[in-house]
Structure formats: C-alpha cells, structure tokens
Amino acid sequence: MADKKTMTVNLSDAEMRALEEICEQKDLSKTAVVRQALRLYQLVNAKIAGGAKLFIEDEKKEKAELMVI
Amino acid sequence: MNRAQLWERKTDRVVSAELLPSMTPEQVVQTGENWQRFRVQARARLRRERAPVPEHDHWDWDEKSHDLKFTAYRCLGIRYEDEIQGLMMISTLAVEGRLLVHKGKPVLYVKYIESAPWNLKAYVGAEARFGGIGISLIRAAIAVSVEEEFRGRIALHSLPQSEPFYGRFMEDLGIDPDVERLRYFEVSEERALKFMRGGDV
C-alpha cells in the first residue's frame, strides 16, 4: 500500500463517542473507520455529482431518498 | 507478499511471479487490450469448433478501470515475463458479512477476477500456460483484507462456470436474487487464517 500520512482530527465528545461505538461494532481501529467513511463519501459524492440519487430501503422495501451534501 | 507462485503447465514447474498490489488505470487498460487481441483469435477458433466461449468473455477492463478513480477500489495483478497473467478488482469499502459468524462485520468484496485468456483451458485447451492464478489472487485478497483490519474475511459472487472452484475453499451461501442470481461465497476468518499460513485449499 502507498505511504501514509498522519493527521490530527478535532472531534466533539459526541462525535468521538460515535466513532468509538462504530469501532466497537465493526471491530476496527479509528483509522480504519475513517478510511471507510472517506471511501464511502468520495464514492457517493461523485455519483451524486453525476446525477445519481441515494436511497435507503427499509425492511418493508420502502425507499427514502438521502440528502448528501 | 509481493510474489505469487504459478504453475507452468508445459514444464510442470512452479515459477515465482510478481504480485502488483495496486495497478494504475493505464496498466489495467493496456492489459485489457492485450487480452482482447488474444481473445478475438481464440473466440474465432471456438466458433469454428462450435465450442462454448467462457461466460466472462465480454468483460471490458477498460470500462472496469474507471472505478479506480475512487479510493474504494483497487486492482491487483500478477506479472510474469512482462505479461499480466491475472487481474483482480477489489472493493476495500467493506460490505457486511453474511456468514452467521461474520454478521455485521466488514468483509472485503472481490468484484472481478480473471486469468489471462492464454491461461484458460476454455480458450486454448491443453495449451494453457499457467495455473494457480485464481488462488494466488484470492490469497492476495485475503492479505489485503487483513491489512484493512477485516481479519481475512472476503466475499464474491461467482459466475456459474467458477462455482466449483470457489466452492473448494469458500462458504456457499446460495443464489443471490439481488445480484443477477449469481451464487454468493464468503471466506471465513478461520479459513483465511489457514490460507495465510500457506495451508492447502
């Protein structure tokens, strides 16, 4: 894998708790979760910029459009 | 992890090939073009002989290479004697594990995996040059999964022609109605660990 860079991130207590909760659920380090988030954001952002829409489907197969900035 | 062991069928010897961990879009496009030239001739012969063409014959690596502009995707390759002998496109944006023991855990997804056409009996019969490409690429996918903290968990949907191959070392979770009715396979952490220790498939 390519060389990695290190950075400091400032998060609120609530944001840090959310990050730690995801780390716990997914059994990943904070770095790995941030990488996943970045990959997802980049992909979704590009698709939406290209005219695509993002929907979330619930268990009843009902779809709700997600607004992503 | 930057080497892959291939079996040269003609000489019946194992050769050490180079594993490319992250190919550029240009390298992938070039490989696709080289393979396509070979395929055109092989396909013509298959038609004359009224033999079936492989199910993935239409795969277009030029088109697939467009995904490489996203950090979610990587293409790995195996190079031997200046030729790419196999390609694999993976998504490091995790999917959720479907095996009961993996529920909710991140899994690396193998989008496409292909051997060069001159290595496939379906194209060239007994003239096929190298074996062991699929298994070397799967081993590399497991290594990336470990690197990404997914503990070796990987998954893929298989074309019908490849189901017996993946069924040898992956858990078969049946036909997926949401993905072209292809069969879904997943490698368990335990199996992945054996793989990484160099165990048999």
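This is a guided tour of a predicted model, moving from whole chains to single residues.

**Starting with chain A**

Colour chain A by confidence to begin with: the chain averages a pLDDT of 91, and 96% of its residues score at least 70. Among the elements of chain A, select helix α1, residues 13–26, which has the highest mean pLDDT at 98, and then strand β2, residues 63–66, which has the lowest at 79.

**Chain B as a whole**

Turn next to chain B and show it as a cartoon, where the secondary structure comes to 6 helices and 9 strands. The radius of gyration of chain B is 17 Å, close to the 17 Å that the globule rule gives for 201 residues, so chain B is as compact as a globular protein of that length. If you rotate the C-alpha trace of chain B onto its principal axes, the trace spans about 50 × 35 × 35 Å. Of the 201 residues in chain B, 38% count as buried, and among contacts between residues at least 6 apart in sequence, 62% join residues at least 24 apart.

**Where the two chains touch**

Display both chains together and look at the place where they meet, at which 13 residues of chain B are in contact with 14 residues of chain A. On the chain B side, the largest share comes from strand β4, residues 83–96 of chain B, which supplies 3 residues. The residues on this side of chain B divide into 6 nonpolar, 3 polar and 4 charged.

**Strand β4 of chain B and its partners**

Keep β4(B) selected, because 10 of its 14 residues are buried and the strand is therefore largely enclosed by the rest of the structure. Add strand β3, residues 73–80 of chain B, which runs antiparallel to β4(B) and is joined to it by 8 bridges; within this pairing, Ile78(B) has Gly86(B) in β4(B) as its bridge partner. The hairpin of β3(B) and β4(B) has 2 residues between the strands, and in this hairpin Glu81(B) takes a positive phi near 50 degrees. Now add strand β5, residues 106–115 of chain B, which is also antiparallel to β4(B) and joined to it by 8 bridges. Here the pair to pick out is Met88(B) with its bridge partner in β5(B), Ile113(B).

**Helix α1 of chain B**

Select α1(B) next, a helix of 24 residues that reaches 34 Å from its first C-alpha to its last, close to the 34 Å expected at 1.5 Å a residue. Show the side chains of its buried residues, which are Val28(B), Thr31(B), Gly32(B), Trp35(B), Arg39(B) and Ala42(B). These buried residues of α1(B) pack against α2, β3, β4 and α3 (121–124) of chain B.

Following α1(B), move to Arg50(B), whose phi is positive, near 55 degrees. Most residues other than glycine have a negative phi. Arg50(B) lies in the loop between α1 (25–48) and α2 (61–64) of chain B, and it counts as exposed because it has 6 C-beta neighbours inside 10 Å.

**Helix α4 of chain B**

Go on to helix α4, residues 133–147 of chain B, whose 15 residues reach 21 Å from the first C-alpha to the last, close to the 21 Å expected at 1.5 Å a residue. Its buried residues include Ile133(B), Leu137(B), Ala140(B), Ala141(B) and Val144(B). Just after α4(B), stop at Glu149(B), which takes a positive phi of about 75 degrees.

**Strand β8 and the loop after it**

The last part of the tour begins at Glu171(B), which has its place in strand β8 of chain B. Is Glu171(B) buried, exposed or partly exposed? With 18 C-beta neighbours inside 10 Å, Glu171(B) counts as partly exposed. Leaving aside its neighbours within four places in sequence, Glu171(B) is in contact with Leu99(B), Phe185(B), Glu186(B) and Ser188(B). For a sense of distance, draw a line from Glu171(B) to Gln30(B): the two are 141 residues apart in sequence and 34 Å apart in space, C-alpha to C-alpha.

Finish at Glu180(B), in the loop between β8 (171–176) and β9 (182–187) of chain B. Glu180(B) has a positive phi near 50 degrees, and this residue is exposed, with 9 other C-beta atoms within 10 Å.

Technical notes: Residues are numbered from 1 along each chain as its sequence is written. Chains are lettered from A and ligands numbered from 1 in the order in which they are written. This is a predicted model: local features need pLDDT of at least 70, side-chain atom pairs count only at pLDDT 80 or more; totals for chains, interfaces and linings use all residues. pLDDT is the predictor's confidence in each residue, from 0 to 100. Helices (H or I, at least four residues) and strands (E, at least two) are DSSP runs, numbered from the N terminus. A residue is buried if 20 or more other C-beta atoms lie within 10 Å of its own, exposed if 12 or fewer, and partly exposed in between; C-beta atoms are placed from the backbone. The radius of gyration is taken over C-alpha atoms; the globule rule is 2.2 Å times the number of residues to the power 0.38. Two residues are in contact if their C-beta atoms, placed from the backbone, lie within 7 Å. Ala, Val, Leu, Ile, Met, Phe, Trp, Tyr, Cys and Pro count as nonpolar, Asp, Glu, Lys and Arg as charged, and the others, Gly among them, as polar. Two strands pair if DSSP finds at least two bridges between them. The expected span of a helix is 1.5 Å times one less than its number of residues.
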